[in-house]
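Trainee: Got a minute to go through the packing in this model with me? Let's pull it up.

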Amino acid sequence: MNVLSDKIIFWIYDLMYFGIAKFMQEKHNGEFSAIVDVTNKPKKFYQQQKIVNFTKTWFYHDHIITDKKADLSYLKSIEEKYDINLWLLAYNERIFYNFNEFYKFNVDEVMCILEQECRLFENILDEAKPDFLVMPIPNFHHDQLFYLMCKKRGVKVLLLTPSRFGNRSMISENADSLDMAYNPNENLPERSLEELEKYLHHYDIFEEGVEVRNRFATSNFGFLKSALNFLLTKYDNPKTHYTYYGRTKLKVLLHSLKYSPITRSRELFLRKNCVYKIDNKTPFIFFPMSTDPESTLLIATPFYTNQLELITQIIKSLPVGYQLYVKDHPLQQTRSWRSISDYKKILELPNVKLIHPTVRSDEIIKKSSLVISVASTAGIEATFYNKPSIVFSDVLYDSLSSVYKIKNIAELPTAIQKALNTKINVSELNKLVDFIHNNSFEFNWSKFGMDISEQFFFGGHLVDVEISESKMKSFLQSHKTYFKILAEEHLQKINQCI
């Protein structure tokens, strides 16, 4: 490993990236700084820790308040300088609109937050002058904003992103893409679709989702401990974090208690009204829904966030004689499922069957004629089963000739007709699979994430918790194999960029 002296800034909102920084610093003499985006209790750990030597640490929420009048001329200059549509980011922010049940932000508050973020991020970039940004895939408007500003300034971004194959991850500058274009003429051993299917089953992404569903916020004991911790300890996030506005202890507790029976009611509705057996007597097109809310919709496909409306548009575009099979994402369980009224709207649509979320997608894909998704892994899985697909976003696999990318919804009817008559190019798929495999590495993201959740955050029930340095050191030591892999892969990527 080369000894380098570049400047790296980390975006830290979970413990994974703190651990990556720690193990990278052991082999790298660069100048490390960090933006820490956490609640008040874990903030104390980052203020006092001696594990990672950050030359400067900025605590994001310390710089954001909402009681000032925004300078709109400054925000306009930011849009022009960085080619960013700020209002698009703001409107799709789950904290500001559509998904926040605790507080409704007005336009002045949103503009004020955006201005302070832009000024903070410009100051950070001017002071730190980073060569590299190490961060997870942005989940909110503010980390996406910093990501875009860094890219515009020429900072090399390293995102840890899924490879679309289970237990394999990669590091790339853009989410769901590879930095290098693969050579379609490269002479590689050719595998049949059956052999490729074995590869897909070996890296079964469905099992990753099963682990999350079985472990995330499922422990009643964990819920009880988190509730006691929440009720009996200091809680001042609503005063200091705009993301917690309106979240009083009473409201949060009532919200948690309310959603337990609601979740069970929704599960019962799905059990009674969903189809479990896939009948292919009538040809059908498969639409797997994305988890809602999530960055795949709100950031990657900002104009296709209403999946119910999108399902309606697909139905309008169906060729005569075809049905549409819709399946909710299994991880929607972690969001207490959708409202029963949403499921009823789907069931009331003509030519639609609602498939139970526990049915494996590959069982549906095999019997389908076409897969349409916003940006789902089902799109690339379809290719392994000799099925074409349509997507609405830039995805890792959209270079395949059997994948149609929709830029305008009016294109959908024609795209469906073309896709249904498209054959899979096995040679293309071989080359793409090999390229992804050679540029990714084995990493059980789901297990690692759940280990963090269970050891620090009551299994996912509560994130505002105090963290001791001794507990952190113990966790870093017990999971050093994972952290060393992640650190090594990031350092290799840095070396490639220099």
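Trainee: Which residues have the most contacts inside the largest nonpolar core?

Mentor: A nonpolar core is a set of buried Ala, Val, Leu, Ile, Met, Phe, Trp, Tyr and Cys residues joined through side-chain atoms within 4.5 Å, and buried means under 20% relative accessible area with a 1.4 Å probe, protein chains only. The largest core has 66 residues. Those with the most contacts inside it are Phe165, Phe287, Leu324, Val326, Ile372 and Ile390.

Trainee: And how should I read the numbering and the confidence?

Mentor: It's a predicted model, where local features need pLDDT of at least 70, side-chain atom pairs count only at pLDDT 80 or more, and totals for chains, interfaces and linings use all residues. Residues are numbered from 1 along each chain as its sequence is written, and side-chain values use heavy atoms, with hydrogens and water left out.

Trainee: How are the rings of phenylalanine 284 and tyrosine 325 arranged: stacked or tilted?

Mentor: Rings of Phe, Tyr and Trp (its six-membered ring) pair if their centres lie within 6.5 Å; planes under 30 degrees apart are stacked, over 60 edge-to-face, the rest tilted. The structure holds 38 such aromatic pairs. Here the centres are 3.8 Å apart and the planes at 10 degrees, so the pair is stacked.

Trainee: How many residues apart in sequence are the parts that this pair ties together?

Mentor: Both phenylalanine 284 and tyrosine 325 are buried. Phenylalanine 284 lies in strand S7 (residues 284-288) and tyrosine 325 in strand S8 (residues 323-327), strands being DSSP runs of E, at least two residues, numbered from the N terminus. So the pair ties together parts whose separation in sequence is 41 residues.

How values were computed. Helices (H or I, at least four residues) and strands (E, at least two) are DSSP runs, numbered from the N terminus. Buried means under 20% relative accessible area, exposed over 50%, partly exposed in between (1.4 Å probe, protein chains only).
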